[in-house]
Amino acid sequence: MSNDKVHLGHRARKRFGQNFLFDENIIADIVLAIGPDNDYEHVEIGPGLGALTEPAAAEIDHLNVVELDRDLAERLRHHPFLKDKLTIHEADAMKFNFAQLVEGKDKKLKVFGNLPYNISTPLMFHLFSHVDIIHDMHFMLQKEVVDRLCAEPGNKDYGRLTVMAQYYCHAEEVLFVPPECFKPAPKVDSSVVRLIPKAVSERAELDAKLLSSICHNAFNQRRKTLRNSLKKLITTEELENLNIDPSLRAENIDVESYIRLTQYISQRDQ
């Protein structure tokens with residue numbers, strides 16, 4: 001049994017996208033960025049072997065963890081230090097109701113985790129539906145996903161995920177993490193991103209499903225101009241009236257323009 005496949009007696013499972021973080025300096029930097037604090041309810045997605053769980057739990061009285069792997073959940077139940085601090089939710093994070101963690105409590109959530117790369121994007125979209133109960137999120141992700149979350153217009157990384165993330169949150173990269181910090185080492189670079197949800201008053205009122213649909217149409221045909229990629233949704237004249245250049249491509253207009261476009265189409269079609 002080779003060391004690159006097994007860590008502390010647990011075989012990393014490809015179907016769960018498991019890569020276990022073990023670099024102590026990186027772990028300390030991530031926990032510092034998270035800033036565990038008893039004024040908040042905390043939830044870790046995919047605690048794995050507890051690399052972040054242990055140092056984070058040392059700073060607070062209680063920690064929720066969402067873990068799909070039954071073997072790892074069982075390990076945590078018998079962990080000598082963690083077992084009395086954790087509430088373990090054996091569940092799929094993409095279907096998990098995060099609101100239940102703060103029901104009846106005057107607290108917001110701090111969410112963190114080393115997310116499996118194969119579910120990171122759909123999980124982001126699921127979490128965006130809970131942003132009003134979330135104080136902040138810190139995630140280890142594939143570097144290219146962090147680049148997409150933080151991208152600016154005109155950048156090749158700018159896309160649907162960028163627009164949706166930046167509609168809901170302020171996004172910033174806080175830490176680069178090379179492959180050798182994991183076992184088994186992934187074939188890609190990783191980064192930690194900080195997502196801070198915007199207050200309701202800071203967020204434009206709109207139909208988020210429509211925004212997502214508009215972005216899907218625009219970015220699904222990236223090489224086409226907006227005049228062509230959005231022709232089933234809006235006319236060239238309407239785009240011009242919104243001060244959006246129809247000759248531009250999807251990656252060349254800012255988040256505010258997508259918001260304006262969504263609000264217009266929603267009001268027009270009422």
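This is a short talk on the cysteines and one helix pair in the structure above.

The model is a predicted one. I have two topics, and I will start with the cysteines.

How many disulfides does the structure hold? The count is zero. Take Cys181, which is in no disulfide. Its nearest cysteine sulfur belongs to Cys150, and the separation is 19 Å. A disulfide requires the two sulfur atoms to be within 2.5 Å, so at 19 Å the sulfurs of Cys181 and Cys150 are not a pair. Cys181 has a relative accessible area of 4%, so this residue is buried.

Cys215 is also without a disulfide. For Cys215 the nearest cysteine sulfur is that of Cys169, 15 Å away. Is Cys215 buried or exposed? Its relative accessibility is 0%, so Cys215 counts as buried.

Now the helix pair. Helix H5 covers residues 143-150, and helix H6 covers residues 160-168. The two pack at an angle of about 60°, and their axes are 7 Å apart. Because of that angle, H5 is classed as oblique to H6. The handedness of the H5 and H6 crossing is right-handed.

Which residues make the contact? On the H5 side they are Val145, Arg148, Leu149 and Cys150. On the H6 side they are Leu161, Thr162, Ala165 and Gln166. By type, the contact residues of H5 with H6 come out as five nonpolar, two polar and one charged.

One residue links the two topics. Cys150 supplies the sulfur nearest to that of Cys181, and Cys150 is among the H5 residues that meet H6.

Technical notes. Residues numbered from 1 in each chain as written. Predicted model: local features only at pLDDT ≥ 70, side-chain atom pairs only at ≥ 80, totals over all residues. Heavy atoms only, no water. Buried < 20%, exposed > 50% of the residue type's maximum accessible area, 1.4 Å probe, protein only. Axes fitted to C-alpha atoms, helices over the stretch in contact; angles between N-to-C directions. Helix = DSSP H or I, 4+ residues; strand = E, 2+ residues; numbered from the N terminus. Parallel < 35°, antiparallel > 145°, perpendicular 65-115°, else oblique. Left-handed = near helix turned anticlockwise from the far one by under 90°. Contact = heavy atoms within 4.5 Å. Nonpolar A, V, L, I, M, F, W, Y, C, P; charged D, E, K, R; others polar.
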